[in-house]
Amino acid sequence: MAGNINVLTLIKKYGTPLYVYDLDIIKQQYECLRQAIPKKVTIFYAIKANPNPKICSFLRSLGAGAEIASAGELYIALKSGFQGKDIIYNGPGKTDEEIQYAIENDVHLINVEALDELQRINTWAHTAQRMTKVCLRINPLQAINQAKMQTGGGSQKFGIDEEIIETLIETALDLEWLELVGIHVYIGSQILDHTVLLEQISYTLNIACRLTQHFPLKYLNFGGGLGVPYDDNDPIFDVKAFGIGLTNLINTVSQKYDLSHTQFILEPGRFLVSESGIFLTKIISIKESRGKKYAIIDGGINHAFLPIRMNRHYPTVIANKMGQKNEHMMTLAGPLCTSLDIFTTEVALPPVALNDIISIFNSGAYGFSASMLYFLSAPMPAEIMIQKGQSIVIRRRGRKEDFLLHCDPS
Ligand SMILES: Cc1ncc(COP(=O)(O)O)c(C=O)c1O
C-alpha cells in the first residue's frame, strides 16, 4: 500500500518504472522533527533530496524553508512558492551567474565555501547594490567518521578549513557589500546515531563560541545528515533524544555566551522524504548464470543511481506476492549495459515470474534526483504523489523523444 492505495492499482494506471510518494509520511517526519527540536531551530529542506516542485511546496506548506545548491534548485524553489527570504544557498562550486541570480532573488543566506567565492559574491552584491548576508562553511578539524557520505573532516572540497577560518573572517569583514552573519558545518549524510550528530554539533558550538569575539553570530547552521534505516540492522534515528540533546547543548552554551539573538538551522533532506517513497519496477527477464539467479527489472541506475551505490539492501518485496515465503535468493539488476547496474545482490524473495512488480521502499530521497537520468536514453520514470487518498501525477513519464531535446537530429 502507498497511503491507502494498493500499488498494483497504481501500476495498472501509470505503468512502470514509477516513483510513488506518500505525503502523509513526509508530514509525519517533518512534524516529528519539528516537535522534538527547540523553536529557535529553523528547518530548511535540502531540496536536492527530492526536488519535485509538489514535494517542495508541500514541505513549504508545513513550514520548512529551502536549502538549495544550484541555480536550477533555486528556480525550482521559487516556482514551488518559496521566497528569497526562505532560501539558503550552499555548494562548493557557485558560478558567477548563479551568484548573480541568487542575489537578484534576495536569498536569505549564502554559505561561502572559498576565498574567491567570498570576493565574487561581494562583486556581484556591489553590482546589484544589495547588501548580502553570508555565512562561512567550515570544514572542521574534527569530524566524526560515521556518515555514509563524508563532507567534513580531513581534506575536503567542501567549506573552509577550520584552521584558517580567522583569515577569511578578516577578509569578509572588510568586504563592503557583505554582512558576515554566521557559520555552517555539514559533515555528511545518513548518520543513524543521534549521539554522533550531537557530538558534532557540540564541536560546532565550540567553534562558534571561539568566533563570537570576531563578529556577532546571528546564524548557526548545523547542516543535515539525519539518517533513516534501510534494513533490519539499521537503528532508527532517535529524534526525541536528538531534540533533548540539542536543547541541552544550546542551553549549556547559552549560559557562557549570549546566543539569545542567534537563530539555529538544520537542513535535512533524506530524513524528511526518504521513507515516503516507493520505487516500483517490473521484472522483464529472468536468467541464471553460473549458479546465481538474476531478475532483470525495467528501472536501473538511470532512475535510482545513488540508492544503488550507497546501499545494496534497500527493503525490497514483490508487490503481487506479499505474504508468500521469501525462499529464493535473487540478484535484482537493471536493464542497462553496465555491470554497475545491480540493485540488490542476493535478496530473498518468493519465486519470481515475468511481470512481477518489485517494490523498493525508502526511495523518496536521492532516488530520482541523484540518478543518471540520461544514461542509455531510457525514458524518465513517472512520479506520483498520494494525498488525501488520491493519486496525482507530479511528473509525467518521459518519452524517447525527450532525448533529442536541444539536439538537431538532422
Ligand atoms: C550542504 C548540505 N546540506 C544538507 C544536505 C542534506 O543532507 P541529508 O539528506 O543527509 O540530510 C546536503 C546533502 O548533500 C548538503 O550538501
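**Exercise 1. Charge and overall form**

Determine how many positive and negative side chains the protein chain has, and how far apart the centres of the two sets lie.

*Solution.* The protein chain carries 38 positive and 41 negative side chains. The centres of these two sets are 8 Å apart. These values, like those that follow, belong to a predicted model.

**Exercise 2. Dimensions of the fold**

Assess whether the radius of gyration of the protein chain agrees or disagrees with that of a compact globule.

*Solution.* Step 1: for 410 residues, a compact globule would have a radius of gyration near 22 Å. Step 2: the protein chain has 23 Å, and the value therefore agrees with the expectation. Step 3: along the principal axes, the C-alpha atoms fill a box of roughly 65 × 55 × 45 Å. Step 4: the secondary structure of the chain consists of eleven helices and 20 strands.

**Exercise 3. Burial, surface and contacts**

State what share of the residues is buried, what area the chain exposes, and what share of the contacts joins residues 24 or more positions apart.

*Solution.* Step 1: of the 410 residues in the protein chain, 54% are buried. Step 2: the exposed area is about 18,200 Å², of which carbon and sulfur atoms supply 52%. Step 3: among contacts with a separation of 6 or more, 72% are between residues 24 or more positions apart.

**Exercise 4. The salt bridge of Lys-48 and Glu-67**

Locate both partners of the salt bridge between Lys-48 and Glu-67, and classify each by its relative accessibility.

*Solution.* Step 1: the two side chains meet at 2.7 Å, N to O. Step 2: Lys-48 belongs to the loop between strand S2 (41-46) and helix H3 (53-62), whereas Glu-67 belongs to strand S3 (residues 65-68), so the pair ties together parts that are 19 residues apart in sequence. Step 3: Lys-48 counts as partly exposed because its relative accessibility is 29%, a value between the limits of 20% and 50%. Step 4: Glu-67 is buried, since its relative accessible area is 3%. This salt bridge is one of 14 in the structure.

**Exercise 5. Two further pairs and a network**

Describe the placement of the pairs Glu-117 with Lys-94 and Arg-395 with Glu-383, and identify which residues are linked to Asp-96 in a network of salt bridges.

*Solution.* Step 1: the side chains of Glu-117 and Lys-94 form a salt bridge of 2.6 Å, N to O. This pair links distant parts of the chain, 23 residues apart: Glu-117 is in helix H6 (residues 115-128), and Lys-94 is in the loop between strand S4 (87-89) and helix H5 (96-104). Both Glu-117 and Lys-94 are buried.

Step 2: in the salt bridge of Arg-395 with Glu-383, the closest N and O atoms are 2.7 Å apart. Arg-395 is in strand S20 (residues 390-395) and Glu-383 in strand S19 (residues 382-387), twelve residues apart. Arg-395 is partly exposed, with a relative accessible area of 27%, whereas Glu-383 counts as buried at 1%.

Step 3: Asp-96 is linked with Asp-116 and Arg-120 in a network of salt bridges.

**Exercise 6. Surroundings of Leu-373 and Phe-403**

Find where Leu-373 and Phe-403 lie, decide whether each is buried or exposed, and list what each touches, leaving out residues up to four places away in sequence.

*Solution.* Step 1: Leu-373 is in the loop between strand S18 (357-361) and S19, and Phe-403 is in the segment after S20. Step 2: the relative accessible area is 14% for Leu-373 and 15% for Phe-403; buried means under 20%, so both residues are buried. Step 3: Leu-373 touches Asn-302, Phe-368, Ala-378, Met-380, Pro-381 and Phe-403. Step 4: Phe-403 touches Leu-373, Tyr-374, Ser-377, Ala-378 and Pro-379. Ala-378 thus appears in the list for Leu-373 and in the list for Phe-403. Step 5: the C-alpha atoms of Phe-403 and Leu-376, 27 residues apart along the chain, are separated by 9.8 Å.

**Exercise 7. Gln-200 and Lys-12**

Classify Gln-200 and Lys-12 as buried or exposed, and name the helix that holds each.

*Solution.* Step 1: Gln-200 lies in helix H8 (residues 194-211) and is buried, with a relative accessible area of 4%. Among the residues that Gln-200 touches are Pro-140, Gln-142 and Ile-187. Step 2: Lys-12 is in helix H1 (residues 7-14) and is exposed, with a relative accessible area of 75%. Step 3: the C-alpha atoms of Lys-12 and Trp-124 are separated by 52 Å, and the two residues are 112 residues apart along the chain.

Terms used
Residues are numbered from 1 along each chain as its sequence is written. This is a predicted model: local features need pLDDT of at least 70, side-chain atom pairs count only at pLDDT 80 or more; totals for chains, interfaces and linings use all residues. Side-chain values use heavy atoms; hydrogens and water are left out. Helices (H or I, at least four residues) and strands (E, at least two) are DSSP runs, numbered from the N terminus. The radius of gyration is taken over C-alpha atoms; the globule rule is 2.2 Å times the number of residues to the power 0.38. Buried means under 20% relative accessible area, exposed over 50%, partly exposed in between (1.4 Å probe, protein chains only). Contact means heavy atoms within 4.5 Å. Accessible areas come from the Shrake-Rupley method with a 1.4 Å probe; for residues, only the protein chains shown count as cover. Lys and Arg count as positive and Asp and Glu as negative; His and the chain ends are not counted. The place of a charge is taken as NZ of Lys, CZ of Arg, CG of Asp or CD of Glu. A salt bridge is a side-chain nitrogen of Lys or Arg within 4 Å of a carboxyl oxygen of Asp or Glu.
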